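Trainee: Hi, could you walk me through this one?
Mentor: Happy to, here it is.
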Amino acid sequence: MFKKFKKNDNYFAIAVYAFLVIAASIGLIWILMNFNTITSWINGVVTAMLSFIYGFIIAYMCNPIYKKLHKYVFNLLTRKNRIQGLERLFLLL
């Protein structure tokens with residue numbers, strides 16, 4: 001009387017894709033409707049992280065200088081205590 005239900009993976013994949021598209025559309029509409037709130041929140045996060053970003057940039061810029069100093073200056077000294085002391089002094093600067 002009734003036929004047995006056959007599972008079709010193609011239709012399941014299409015249903016998942018349709019759900020994801022609808023969910024993404026709803027999310028995009030929500031973002032556009034609350035754009036001012038979201039931008040102010042992002043601005044606050046970026047402001048809070050700005051000091052870390054500046055620190056990473058400065059460390060990135062100083063790394064080649066430190067490598068050159070370590071290679072040429074600190075390797076000339078033979079005593080290990082002097083090397084560690086100079087490295088610590090340079091890192092504090």
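Mentor: We can go through the fold, the confidence and the surface in turn. This is a predicted model, where local features need pLDDT of at least 70, side-chain atom pairs count only at pLDDT 80 or more, and totals for chains, interfaces and linings use all residues. Residues are numbered from 1 along each chain as its sequence is written, and side-chain values use heavy atoms, with hydrogens and water left out.
Trainee: Okay, how many helices and strands are there in the protein?
Mentor: Three helices and zero strands, counting DSSP runs of H or I with at least four residues as helices and of E with at least two as strands.
Trainee: Which helix has the lowest mean pLDDT?
Mentor: Helix 3 (residues 80-92), at 64, while helix 1 (residues 9-33) has the highest among the elements, 93. pLDDT is the predictor's confidence in each residue, from 0 to 100. Where pLDDT is low, the predicted coordinates should not be read in detail.
Trainee: Switching topic, how many residues of helix 1 are buried?
Mentor: Zero of its 25, with buried meaning under 20% relative accessible area (1.4 Å probe, protein chains only). Across the protein's 93 residues, 4% count as buried.

Methods: Buried means under 20% relative accessible area, exposed over 50%, partly exposed in between (1.4 Å probe, protein chains only).
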